[in-house]
Amino acid sequence: MSEVSPTELRVTGAPPMPEVLHTPRLTLRMPRPEDAAAQVAAVHASLPELNAWMAWSHEPHTLDHARANLERAQAAYRRGENLRLIIWNRDETEMLGSTGYHALNWAVPKAEIGYWIATPHTGRGYALEAARFLTEYGLDTLGLRRIEIRTDTLNERSARIPRQLGYTLDATFRNDDVAADGSGRLRDTFVFSVTRQAPP
């Protein structure tokens, strides 16, 4: 009897997910190890902004680190465990950032949408466009019953997106985590959600 690689074992209840999705201006694609150079360039171009809000941005960002990161992300994507998507321009010549469905629970099913845009490309509505698409796709195609977007309460630009998309502010978690900026302050977290009832 042949053995199945752990990277090929899908999470129970996880529906099929295309490797490539398109919005009017963007290509959202499953991570690939060959994206390492583009990821390093995008992160390095954005470190001051990322360091303020993203704890992972304080880790090393070498080609080897990026390649290993992308290999893990690709394997998790194929298992339906964590659906990270790289944001590219429409013809896939430039990496613009990252998004995807995280904190997945297919038993509900529910997910959290995260996003970041490389600093040279901010202010053009790319995060909003990606989050709008993933919200609609998650509810209409994946059958998600709850989608969350969580933001540091001080990150006004990030919190603007769920508000523009009609999400409900469910809660503000006080002293929810240590802030990513290295200050040692305790951060408060907004929890926004959109829900849909199961069909009768």
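Helix α4 is mostly tucked away: 12 of its 15 residues are buried. That's in a predicted model, where an open sheet of 8 strands is the other thing to look for. UniProt, in an unreviewed entry, places the feature "domain: N-acetyltransferase" at residues 40-197. Over that stretch the chain is 34% helix and 34% strand, with the end C-alpha atoms 40 Å apart.

**Helix α4**
- You'll find α4 at residues 126-140, and its end C-alpha atoms sit 21 Å apart, which agrees with the 21 Å that 15 residues should span at 1.5 Å a residue.
- Among its buried residues are Tyr126, Leu128, Phe133, Leu134 and Tyr137.
- Aspartate 140, though, counts as exposed because its relative accessible area is 52%, over the 50% cut-off.

**The sheet**
- Read across, the strands go β1-β2-β3-β4-β5-β6-β8-β7, and the pairing is mixed.
- At the edges are β1 (20-22) and β7 (168-178), each with a pairing partner on one side only.
- On average, neighbouring strands are turned by 25 degrees against each other, ignoring direction.
- Strands β5 (residues 110-117) and β6 (residues 146-152) run parallel and are joined by 3 bridges.
- Across that pair, lysine 110 stands opposite arginine 146 in β6.
- Helix α5 (residues 156-164) packs on the sheet, where it touches β5, β6 and β8 (186-195), and its direction makes about 20 degrees with that of β8.

**Salt bridges**
- The model's salt bridges come to 12.
- Arg146, Glu148, Arg150 and Asp170 are linked in a network of them.
- Within that network, glutamate 148 pairs with arginine 146, their closest N and O atoms being 2.9 Å apart.
- Glutamate 148 is buried, at 10% relative accessible area, while arginine 146 is partly exposed at 21%.
- Arginine 146 also meets aspartate 170 in a salt bridge (2.8 Å, N to O).
- That second pair links distant parts of the chain, with aspartate 170 in strand β7 and arginine 146 in strand β6, 24 residues apart.
- Another salt bridge brings the side chains of arginine 196 and aspartate 140 together at 2.5 Å, N to O.
- This pair links distant parts too: arginine 196 lies in the segment after β8 and aspartate 140 in helix α4, 56 residues apart.
- Arginine 196 is partly exposed, with a relative accessible area of 35%.

**Alanine 73**
- Alanine 73 belongs to helix α3 (residues 63-79).
- Its relative accessibility is 11%, so alanine 73 counts as buried.
- Leaving out residues up to four places away in sequence, alanine 73 touches Pro31, Asn82 and Arg84.

Technical notes:
Residues are numbered from 1 along each chain as its sequence is written. This is a predicted model: local features need pLDDT of at least 70, side-chain atom pairs count only at pLDDT 80 or more; totals for chains, interfaces and linings use all residues. Side-chain values use heavy atoms; hydrogens and water are left out. UniProt positions are given in the numbering used here, feature names are shortened, and annotations may be inferred rather than shown by experiment. Helices (H or I, at least four residues) and strands (E, at least two) are DSSP runs, numbered from the N terminus. Two strands pair if DSSP finds at least two bridges between them. Axes are lines fitted to C-alpha atoms, for helices over the stretch in contact, and angles run from 0 to 180 degrees between N-to-C directions. Contact means heavy atoms within 4.5 Å. Buried means under 20% relative accessible area, exposed over 50%, partly exposed in between (1.4 Å probe, protein chains only). The expected span of a helix is 1.5 Å times one less than its number of residues. A salt bridge is a side-chain nitrogen of Lys or Arg within 4 Å of a carboxyl oxygen of Asp or Glu.
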